[in-house]
Amino acid sequence: MKNSLLELFFPRFCIGCGYVGAYICPTCEAAMKRTGRPRCFYCRKPSLLGMTHPSCKHKNGIDGFLSLYRYEGLFKKILQESKYRGAYTVLTSLLSFPQQSILQDTTKWRKLFNPHSVSVPLHPQRIRERGFNQSEIISTHYFDNMFPREPLLTRVINTEHLANIGDRTKRKKHIHGAFKYVGNKTPSTVIIVDDVVTSGSTILECCHTLKENGVQTVLAFSLARG
């Protein structure tokens, strides 16, 4: 009853086209560009299950990467709406659409590696400002029934939004040392979950911290890639 009254006085409008009844309508979701077939994190050429090519491997680097949407157009608008304005329901509306291809690939990851999942943590101050961690919501929605979750990382430096730092090298320096390993045990394989990857500085710093503390294989998943 309460939800019905809220919908009556505050109806939902699609961010993309203004359709009444949903923050993201099926037509606009279907029109958002996908990343397509899995690709190597580093060279971005096609690779099986998004695994890093042997010739592309880096010390303490990402071993596999999967992403769903391309970070542009309507998706970018949706993420900004949910991330910077605290619109929790906008993000959950997007996650409600079925994504069979990603689930199939991550299911294969589970069979091959049986990884533990780790959401990219936010600094406590950022959590207070925003009210939620979008990476945690994504991880819960897609992977709670697939991978065991481990709180292995915490954010100890409240960095500036990396989107405001254009230079890749400056981003890398800015995020350096932002995470601390806090796990009581060390799984052999971990999948890092984030909302969007652009330069990759954040998940690479997470990856480095994990591997420096004994994790052997680090996979990564993001809802979108720039």
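Start with the cysteines. A search of this whole predicted model turns up zero disulfides. Select C14 to see one case: it is in no disulfide, and the nearest cysteine sulfur, in C28, is 3.7 Å away. The cut-off for a disulfide is a sulfur pair within 2.5 Å, so the distance of 3.7 Å from C14 to C28 does not qualify. C14 is also buried, at a relative accessible area of 5%.

Now jump to C207. Its closest cysteine sulfur belongs to C206, and because the gap is 8.7 Å, a bond is out of reach. C207 is buried as well, with a relative accessible area of 0%.

**Zoom out to the whole chain**

Show the cartoon for a moment. The protein chain holds nine helices and six strands. Of its 226 residues, 48% count as buried. If you like contact maps, look away from the diagonal: among contacts with a separation of 6 or more, 72% are between residues 24 or more positions apart.

**The sheet**

Next, select β1, β6, β5 and β2. These four strands form an open sheet in exactly that order, β1-β6-β5-β2, with parallel pairing. β1 and β2 (116-119) are the edge strands; each has a single partner strand, so one side of each has no neighbour in the sheet. Turn the view to look along the sheet and you can follow a twist that averages 20° from one strand to the next.

Stay with β1, residues 64-70. Six of its seven residues are buried, so the strand is mostly covered. Its partner is β6 (residues 217-225), and six bridges join this parallel pair. To check the register, pick L66 and look across to its bridge partner in β6, F221. Then move to R70, which stands opposite R225 in β6.

**Helices on the sheet**

Add α7, residues 134-143. This helix packs on the sheet and touches β1, β2, β5 (189-197) and β6. Its direction makes about 120° with that of β5.

Now add α9, residues 201-212, which lies across β1, β5 and β6. α9 runs at about 165° to β5. You can test its geometry with a distance between the end C-alpha atoms: they are 16 Å apart, and because twelve residues at 1.5 Å a residue should span 16 Å, the two values agree.

How many of the twelve residues of α9 are buried? Nine are, which leaves the helix mostly covered. Among them are S201, I203, E205, L210 and K211, along with the two cysteines C206 and C207. Just after α9 comes G214, where phi is positive, near 105°.

**A buried threonine**

Select T106, which sits in helix α5 (residues 100-113). At 0% relative accessibility, T106 counts as buried. Where does its polar side chain turn? It reaches the backbone oxygen of I102, at 2.9 Å. The backbone oxygen of L103 is another one to display, 3.2 Å from a polar atom of the T106 side chain.

Expand the selection around T106, leaving out residues up to four places away in sequence, and you will find that it touches L66, F143, M146 and F147. Two of these names connect with earlier stops: L66 is the residue that bridges to F221, and α7 covers residues 134-143.

**A buried glutamate**

Move on to E29, in helix α2 (residues 26-31). Is this residue buried or exposed? With a relative accessible area of 6%, E29 is buried. Show its side chain together with that of Y69, and draw the 2.5 Å polar contact that joins them. Setting aside neighbours within four places in sequence, the contacts of E29 are I24, R34, Y69, L94, F97 and Q99.

**Last stop: the loop between α2 and β1**

Two residues here are worth a look on a Ramachandran plot. L49 lies in this loop, and its phi is near 55°, a positive value in a residue other than glycine. At 11% relative accessibility, L49 counts as buried.

N60 is found in the loop between α2 and β1 too. Its phi is also positive, near 60°, again in a residue other than glycine. N60 is buried, with a relative accessible area of 16%.

Note on methods:
Residues are numbered from 1 along each chain as its sequence is written. This is a predicted model: local features need pLDDT of at least 70, side-chain atom pairs count only at pLDDT 80 or more; totals for chains, interfaces and linings use all residues. Side-chain values use heavy atoms; hydrogens and water are left out. Buried means under 20% relative accessible area, exposed over 50%, partly exposed in between (1.4 Å probe, protein chains only). Two strands pair if DSSP finds at least two bridges between them. A polar contact is a pair of N or O atoms within 3.5 Å; within protein, one must be able to donate a hydrogen and the other to accept it, and residues adjacent in sequence count only if both atoms are side-chain atoms. Contact means heavy atoms within 4.5 Å. Axes are lines fitted to C-alpha atoms, for helices over the stretch in contact, and angles run from 0 to 180 degrees between N-to-C directions. The expected span of a helix is 1.5 Å times one less than its number of residues.
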